[in-house]
Amino acid sequence: MPPALLALLERVRGTSFTQSENTEQARAALQRALEIAEANQVEYEAGHALRALAKLWALRGDPVEAAAAGKAASTIFGRLGVDESVMP
């Protein structure tokens with residue numbers, strides 16, 4: 001399976017855990033998505049994993065981690081020319 005697809009599937013899994021408020025499993029899945037994306041230079045998926053982690057950290061009440069992950073995601077998307085204003 002291509003690394004981009006593996007990272008996407010882990011991100012979707014992590015987002016599902018976030019929505020069900022299972023924050024520890026969400027963190028593990030999203031961190032794995034980020035690791036897969038970074039190890040395989042799939043920057044777009046790394047950006048999405050970081051955005052999802054930022055939302056998770058905010059939900060868990062950690063604004064410092066949320067801001068750091070959000071900033072890292074924005075840096076990646078900026079480098080790729082992705083307009084974050086159109087993202088959900």
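Leu34 touches Ala46, Ala49, Leu50 and Leu53, leaving aside residues up to four places away in sequence. The model behind this description is a predicted one. Leu34 also belongs to the largest nonpolar core, which has 24 residues. Leu34, Leu50, Leu53 and Ala69 are the residues with the most contacts inside this core. Four helices, H1 (3–19), H2 (23–39), H3 (43–59) and H4 (63–80), each supply at least two of its residues. H3 gives the largest share, eight residues.

The structure also holds one aromatic pair. The ring centres of Tyr44 and Phe77 lie 5.9 Å apart and the ring planes stand at 70 degrees; planes over 60 degrees apart count as edge-to-face, so this pair is edge-to-face. The two residues are 33 apart in the chain, and the pair links distant parts of it. The table sets out where each partner sits and how accessible it is.

| Residue | Helix | Relative accessibility | Class |
|---|---|---|---|
| Tyr44 | H3 | 42% | partly exposed |
| Phe77 | H4 | 0% | buried |

A further contact joins the helices H1 and H2. Their axes come within 8 Å and cross at roughly 160 degrees. Angles over 145 degrees count as roughly antiparallel, and H1 and H2 are therefore roughly antiparallel to each other. The crossing of H1 and H2 is left-handed. On the H1 side the contact involves residues including Leu6, Ala7, Glu10, Gly14 and Phe17. On the H2 side, Ala26, Ala29, Leu30, Ala33 and Ile36 are among the residues that take part.

Methods. Residues numbered from 1 in each chain as written. Predicted model: local features only at pLDDT ≥ 70, side-chain atom pairs only at ≥ 80, totals over all residues. Heavy atoms only, no water. Core = buried A, V, L, I, M, F, W, Y, C linked by side-chain atoms within 4.5 Å. Buried < 20%, exposed > 50% of the residue type's maximum accessible area, 1.4 Å probe, protein only. Contact = heavy atoms within 4.5 Å. Phe/Tyr/Trp six-rings, centres within 6.5 Å; stacked < 30°, edge-to-face > 60°. Axes fitted to C-alpha atoms, helices over the stretch in contact; angles between N-to-C directions. Parallel < 35°, antiparallel > 145°, perpendicular 65-115°, else oblique. Left-handed = near helix turned anticlockwise from the far one by under 90°.
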